[in-house]
Every structure is written in C-alpha cells, then in structure tokens.
Amino acid sequence: MADDSFDAIVVGAGPAGCSCAYTLAKEGKSVLLLERGNSAGAKNVSGGRLYTYALEMVEPGMYQRAPLQRKIVREQIMMLGSNTAMTVDYADYGFGENVPQSYSVVRASLDEWFASECESQGAMVASAQLVDDLVVEDGKIVGIKCGEDEILCSAKKQDCSPIRKATRSALV
Ligand SMILES: Cc1cc2nc3c(=O)[nH]c(=O)nc-3n(C[C@H](O)[C@H](O)[C@H](O)COP(=O)(O)OP(=O)(O)OC[C@H]3O[C@@H](n4cnc5c(N)ncnc54)[C@H](O)[C@@H]3O)c2cc1C
C-alpha cells in the first residue's frame, strides 16, 4: 500500500465482509480486511449451501470461479409432529440450467477463496486479528482497536504506523 493507509477497514472475512472488501477494492479503494480466525473461514460453522444469486450480485459470473461442489436439484422439507413426520420431496433438474440456483459448498474453502479474490482486487487481508473495539470520535467511527493497536481510516490523515504492526502477519 503506497501510503500505508486505508480508505476502509472491514471486520470479518465472512461472505458479507468479503463482498464489501471486494466491491470497495474493485472500485479502487484501499481496503484492510481483518479476520479473527487463522484464515478466512476457519471460524465458520454454517451449513453447506450457496445461492448463486448472492455472488452474482457482487459480480456477474463470479460464482464460476468459486470452489463449488454439486448443483442442488432436489429439495426435501420435513414437517415433524410429536410422533409423526411428513416429507415434501421436490426434484427439478431445471435448477441446474443456465445460472444454477445453488450449490453445495464447504464454507472454510469458500471464505478462503473469497478472501483471496479480495486480495486479487488489491485489498490487504490480515487473519488472526481479533478486533476488540471501535475507535469513536465525535460520534463517528474512525477506526478499530486490535489488541494494543489502533488502526484509523485514512480519512483521519494520522500516523498510520499501527497498521503495519497489525497487518504484519499478513505481510510476512
Ligand atoms: C448452522 C448454520 C447453518 C447455516 N447454513 C447456511 C446455508 O447452508 N446456506 C446459507 O446461505 N446460509 C447458511 N447459514 C447462514 C450463513 O451462515 C450466514 O448468513 C452467513 O455466514 C452470514 O455471513 P456474514 O459474513 O454476515 O457473517 P459470518 O459468516 O459469521 O462471518 C463473520 C466473520 O467475522 C469474523 N469476526 C467476527 N467477529 C470478529 C472480530 N471481532 N474481529 C475479527 N473478525 C471477526 C468471524 O470469524 C467470521 O469469519 C447458516 C447459519 C448457521 C448458523
């Protein structure tokens, strides 16, 4: 990063954080993406289905680069009573045509891939960085606290040396 400062600091490299960091970086903003896990996706426990429309909203065609597994073409909904169960089973192989509706995914792989996409757009990704608090001045959030470090957005135009310290693990 030329001047060691960031237009935006994004906390958490889940789908929301990565979408945000990717979009900002693609727009030419300097972005720092901080993730508490040892890698993006390391802390996630979500189930395994990705709806492609969400990635299509970030960038058309992006889902084709994602580490997807199988197209979902069958749905089963089970309604449970105290001693009974009724299942609605719906299969539609049209789900797989054109832009397939959804795929099975492993979130650890998906998030790691998404964070690397952010890096390919120029964002800096720093993992194993737990954001402890926000820095608030005059009612505005101007940065974050990470351990003993304070990282401020470039709008503050302050000494940004803590950024180097906080992102060391991502840089080496
Ligand atoms: C059991 C379960 C199953 C699910 N199954 C599905 C499914 O199959 N399909 C589907 O579409 N959705 C599913 N969901 C919903 C899906 O997981 C969420 O909608 C999605 O993960 C939200 O994305 P997010 O980026 O907002 O948050 P998260 O995915 O929770 O990402 C937040 C990230 O921020 C990091 N973080 C948090 N606090 C800090 C901090 N202080 N400092 C630094 N980093 C931090 C976390 O480590 C994490 O990586 C499921 C959810 C659960 C709980």
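**Stop 1: Arg 65**

Select Arg 65, which lies in the loop between helix H2 (52-58) and strand S4 (74-80). Helices (H or I, at least four residues) and strands (E, at least two) are DSSP runs, numbered from the N terminus. The structure is a predicted model, in which local features need pLDDT of at least 70, side-chain atom pairs count only at pLDDT 80 or more, and totals for chains, interfaces and linings use all residues. Residues are numbered from 1 along each chain as its sequence is written.

Is Arg 65 buried or partly exposed? With 13 C-beta neighbours inside 10 Å, Arg 65 counts as partly exposed. The scale is as follows: a residue is buried if 20 or more other C-beta atoms lie within 10 Å of its own, exposed if 12 or fewer, and partly exposed in between, with C-beta atoms placed from the backbone. Now add Phe 114 to the selection: Arg 65 and Phe 114 are 49 residues apart along the chain, and their C-alpha atoms are separated by 9.6 Å.

**Stop 2: the whole chain**

Next, display the full chain as a cartoon. Its secondary structure comes to five helices and ten strands. Of the 172 residues in the chain, 28% are buried. Two residues are in contact if their C-beta atoms, placed from the backbone, lie within 7 Å. Among contacts between residues at least 6 apart in sequence, 62% join residues at least 24 apart.

**Stop 3: the largest nonpolar core**

A nonpolar core is a set of buried Ala, Val, Leu, Ile, Met, Phe, Trp, Tyr and Cys residues joined through C-beta atoms within 7 Å. Select Ala 21, Val 31, Leu 32, Leu 33 and Cys 118: of the 33 residues in the largest nonpolar core, these touch the most other members. The elements that give two or more residues to this core are strand S1 (8-11), helix H1 (15-26), strand S2 (31-34), helix H3 (107-120), strand S7 (124-126), strand S9 (140-146) and strand S10 (149-152). Which element gives the largest share? H1 does, with five residues.

Centre the view on Ala 21. Residues up to four places away in sequence aside, Ala 21 touches Val 10, Val 31, Leu 33, Cys 118 and Ala 123.

**Stop 4: the parallel sheet**

Strands of a sheet pair through backbone hydrogen bonds, either parallel or antiparallel. Here, two strands pair if DSSP finds at least two bridges between them. Select S1, S2 and S7: these three strands form an open sheet in the order S1-S2-S7, with parallel pairing. S1 and S7 stand at the edges, each with a single partner strand, so one side of each is left without a neighbour in the sheet. Neighbouring strands of this sheet are turned by 20° against each other on average, direction ignored. Such angles run from 0 to 180 degrees between N-to-C directions, and the axes are lines fitted to C-alpha atoms, for helices over the stretch in contact.

S2 and S7 pair over three bridges. To see one position in this pair, select Leu 32, which stands opposite Met 124 in S7.

**Stop 5: the antiparallel sheet**

Turn to S8, S9 and S10, which form an open sheet in the order S8-S9-S10 with antiparallel pairing. S8 and S10 stand at the edges, each with a single partner strand, so one side of each is left without a neighbour in the sheet. The neighbouring strands are turned by 35° against each other on average, direction ignored.

Strand S8 (residues 133-137) is hardly covered, as the count of buried residues among its five residues is zero. Five bridges join S8 to S9, and the partner of Val 135 in S9 is Gly 143. S8 and S9 form a hairpin with two residues between them. In the turn, select Asp 138, which has a positive phi of about 50°. On the other side of the sheet, four bridges join S9 to S10, and Ile 144 has Ile 151 in S10 as its bridge partner.

**Stop 6: the ligand and its shell**

Select the ligand and the residues around it; a residue is near a molecule or strand if its C-beta atom, placed from the backbone, lies within 6 Å of it. The ligand is surrounded by 21 residues, of which the closest are Gly 12, Gly 14, Ala 16, Ser 46 and Gly 47. H1 and strand S3 (49-51) each supply at least two residues of this shell, and H1 gives the most, with three residues.

**Stop 7: Arg 36**

Finally, select Arg 36 in the loop between S2 and S3. Arg 36 is partly exposed, with 16 other C-beta atoms within 10 Å. Leaving aside neighbours within four places in sequence, Arg 36 is in contact with Lys 43, Gln 129 and Leu 130.
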